[in-house]
Amino acid sequence: MDYVSALVPPVVMAAFFIGLVVTIVKSQGGANKAKEDAAVDAVLSRAETARQSTSRS
């Protein structure tokens, strides 16, 4: 029975990992994709502006 207790943790972790990947793939795109892309673009432009202003000082 030692082999069962040795195999359970990796099998459970693999199941959770597969569930995580499936959830991430399913959540890509959809109705909120444009809003999410706009939010990411805004954050990146703010970071770029902050980086440029600190490098000029």
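E48 sits at 33% relative accessibility and so counts as partly exposed, a label for values between buried (under 20% relative accessible area) and exposed (over 50%), with a 1.4 Å probe and protein chains only. Its partner is R51, partly exposed at 49%. The two form a salt bridge, with the closest N and O atoms 2.7 Å apart; the term asks for a side-chain nitrogen of Lys or Arg within 4 Å of a carboxyl oxygen of Asp or Glu. The count by this rule is one salt bridge. Both residues belong to helix α2 (residues 33-56), three residues apart, about one turn of the helix.

A word on the source: this is a predicted model, where local features need pLDDT of at least 70 and side-chain atom pairs pLDDT 80 or more, while totals for chains, interfaces and linings use all residues. Numbering runs from 1 along each chain as its sequence is written, and side-chain values use heavy atoms, leaving out hydrogens and water.

As for the overall fold, the protein chain comes to two helices and zero strands, taken as DSSP runs (H or I, at least four residues; E, at least two) numbered from the N terminus. Of its 57 residues, 0% count as buried. The C-alpha trace spans about 65 × 35 × 5 Å along its principal axes.

Over in helix α1 (residues 2-27) lies Y3, which counts as exposed because its relative accessibility is 56%.
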